[in-house]
Amino acid sequence: MDWDALKSAAGAAKPRRIADLLKDESRAPEFSVSAGDLFFDYSKTTMSVEDRTHLVGMYQAAGVAERRDAMFAGAKINETEGRAVLHTALRNLDGGPVMVDGQDVMPGVLDTLSRMADFSEGVRSGAITAPGGGRFTDIVNIGIGGSDLGPAMATLALAPYHDGPRCHFVSNVDGAHLYDVVQDLNPGATLVIVASKTFTTIETMTNAISARDWIAGKVGAENAGGHFAALSSAVDKTAAFGIDPSRVFGFEDWVGGRYSVWGPIGLSLMLAIGPEAFRAFLRGGEAMDRHFRAADPLDNIPVMLALTGIWHHQGCGYATRAVLPYEQRLSRLPAYLQQLEMESNGKSVRIDGSPAATVTGPIVWGEPGTNGQHAFYQLIHQGTAPVPCEFMVGATGHHDELAHHHQLLVANCLAQAEALMLGRSLEAARALMQKAGLTGAELERQACHRVFPGNRPSTTLVYPKLTPFVLGQIIALYEHRVFVEGAMLGINSYDQWGVELGKELAVKLQPVVAGEAENGTLDASTRQLLDAIRAQGG
């Protein structure tokens, strides 16, 4: 891959004004693409037709389409762990067999989905009750990382479709998180879902044990197990915890945590919105899969979203990207995409073990609009480092009586993208200050503070309304975007060795913090910090 040529092209594009490019009326439709319910506009960038052609050439030279087909076929593209990558199989409702090691995995996937639906309907209808006979009114999902971010994000996003028990999420091992979630709940009417594939994740199991103690304090230790379900493949460990096998839903090692909301990890979402709406969510992801596999690059939303990201990060050198959903219920999407993108593509080594040939994953961050406008948009508009912005907005909201709110929301979204592009010149700022009655040096001083450099890139994703189907499309879109970028970079997007070392050291440090082991092997700084914590009551 000729990354130097891409950087050279991006450098040549730097003097271009996006506003001037858009004087050509054909640019906006030519630099946009649609698929199903989604419309993606990337015309507010400095990318030219020639630049895009170069990017598509890089995409083809990297063999991304071939690697995509291998992924869907069940090849073990997660080479460092020797695993297939088949989260797409979890939403393969209308497709054919999916083979792994010569075996079709779809019967197992569909059977698990059916078991989840039966369990969800039982809880939602009151047919499945707590050991004391009462209905479960509240669900507490205990997990971390992909076992929390996906279902927590999706459950909030689809709040208008909730007609089941109330759902709550606990992830942080900080006891305050569990305490704050459960303090106002009735333990006798609470179902706890423990989400851990191995049933050994230390934060999750610490929270799960404390939750079991909380429930046992109300219903007795002998009945506490009846308040639990597990999302795990470690059936021996779930049984030892006291969870009935009928309430254990497992998934295979070809489903990575951050890609797992489509299967058992999404049980809390299914309990909230029901199996039918959950299937609509799966069908949205499945529709995006079909589009990704069939559409040519220029007509392919995941490909063009990825190539725009490559242009900005590896080409232009912009270190971060801001995800800015103009949808309050997508407030957890930036955090979800932080894990999806930064855990997947935050690598410095290629698949063959050689150093990465260029910078890899960008820093992903963001907040929903309009909140961010009154926080960090100052830096986006007038800071020294350009930040590519990825706006997304629905054409309509869910509440007709508040339609005027949604109109204002849409106006703000479009205005921010336009303002980033247009900016404000010094001449225009001077005119404003003259109109305000200023003259001389004070006019010049004040005018300088009101200059916006403009020419700051953004993309916008438009969808009709945030339904389960549309949310499925959006999540699958970003999953495939990560795949394309990772394949072009030559890295493995499906392992996460970078999270392991800190966890290993934490296990070794815990006895030292508890005073059960000596601290002599620690470095001087860590010893000093531990002494400071103990001196302050730790």
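## A walk through the strands, helices and hollows

Start by selecting strand 9 in this predicted model: Thr-320, Ala-322, Leu-324 and Tyr-326 point to one side, Arg-321, Val-323 and Pro-325 to the other, and every one of these residues is buried, leaving both faces covered. With 7 of the 7 residues of strand 9 buried, the strand is largely enclosed by the rest of the structure.

**The neighbours of strand 9**

Keep strand 9 highlighted and add residues 363–365, which form strand 10. The two run parallel and are joined by 3 bridges. To see how the chain gets from one to the other, follow it out of strand 9, through helix 15 (residues 333–345) and into strand 10; this β-α-β crossover is right-handed.

Now colour Ala-322. Which residue of strand 10 stands opposite Ala-322? That is Trp-365. Ala-322 also has a bridge partner in strand 11, namely Cys-389. Strand 11 pairs with strand 9 in the parallel sense, over 5 bridges.

**On to strand 12**

From strand 11, step across to strand 12. These two strands pair in the parallel sense over 6 bridges, and a good pair to label is Phe-391 with its bridge partner in strand 12, Thr-460. Strand 12 covers residues 458–463 and is mostly covered, with 5 of its 6 residues buried.

Next, bring in strand 2 (residues 38–41). Does strand 2 pair with strand 12 in the parallel or the antiparallel sense? The pairing is antiparallel, over 3 bridges. Select Phe-39 here, and you will find Val-462 of strand 12 opposite.

**The enclosed spaces**

Time to switch on a cavity display. The structure holds 3 cavities of 30 Å³ or more, and the largest cavity contains about 70 Å³ of space. To surround this space, select Thr-308, Gly-309, His-312, His-313, Tyr-318, Thr-320, Arg-321, Pro-362, Pro-388, Cys-389, Glu-390 and Thr-459. You have already met some of these: Thr-320 and Arg-321 sit in strand 9, and Cys-389 is the strand 11 partner of Ala-322.

Which elements each give at least two residues to this lining? They are helix 14 (301–315), strand 9 (320–326) and strand 11 (389–394). Helix 14 provides the largest share, 4 residues. Colouring the lining by residue type gives 4 nonpolar, 6 polar and 2 charged residues.

**The open pockets**

Turn now to the pockets. The largest has about 1000 Å³ of space. Its lining has 40 residues, and the closest to its centre are Thr-201, Gly-257, Gln-496, Glu-500 and Lys-503, so to speak your landmarks for centring the view. Helix 7 (146–157), helix 9 (202–219), helix 15 and helix 21 (500–513) each supply at least two residues of this lining. By type, the lining of the largest pocket divides into 14 nonpolar, 15 polar and 11 charged residues.

The second largest pocket holds about 440 Å³ of space. To centre on it, select Gly-397, His-399, His-405, His-406 and Leu-409, the closest to its centre among the 21 residues of its lining. Then display helix 17 (residues 403–422), which gives the most to this lining, with 7 residues. The lining of the second largest pocket is made up of 6 nonpolar, 12 polar and 3 charged residues.

**A helix to check with the distance tool**

Select helix 20, residues 468–489. At 1.5 Å a residue, its 22 residues should span 32 Å, and the end C-alpha atoms are 32 Å apart, which agrees. Is helix 20 mostly covered or mostly uncovered? Mostly covered: 21 of its 22 residues are buried. Just past helix 20, stop at Gly-490, where phi takes a positive value of about 75 degrees.

**Backbone details in the loops**

Three loop stops finish the tour.

- Between strand 10 and helix 16 (377–382), find Thr-370. The peptide bond leading from Gly-369 to Thr-370 is cis, with omega near 15 degrees.
- In the loop between strand 3 (99–100) and strand 4 (103–104), pick Asp-101. Its phi is near 50 degrees, a positive value in a residue other than glycine. Asp-101 counts as exposed, at 63% relative accessibility.
- In the loop between helix 19 (440–449) and strand 12, select Asn-455. This residue is not a glycine either, yet Asn-455 has a positive phi of about 60 degrees. Asn-455 is buried, with a relative accessible area of 14%, whereas Asp-101 is exposed.

Definitions and conventions:
Residues numbered from 1 in each chain as written. Predicted model: local features only at pLDDT ≥ 70, side-chain atom pairs only at ≥ 80, totals over all residues. Heavy atoms only, no water. 1 Å grid on protein atoms, 1.4 Å probe; cavity = no way out; pocket = protein on both sides within 12 Å on 5 of 7 lines; lining within 4 Å. Points joined across faces, edges and corners; volume = space filled by probe spheres on them. Nonpolar A, V, L, I, M, F, W, Y, C, P; charged D, E, K, R; others polar. Expected span 1.5 Å × (residues − 1). Buried < 20%, exposed > 50% of the residue type's maximum accessible area, 1.4 Å probe, protein only. Pairing = 2+ DSSP bridges. Right-handed = clockwise from strand over helix to strand, strands pointing away.
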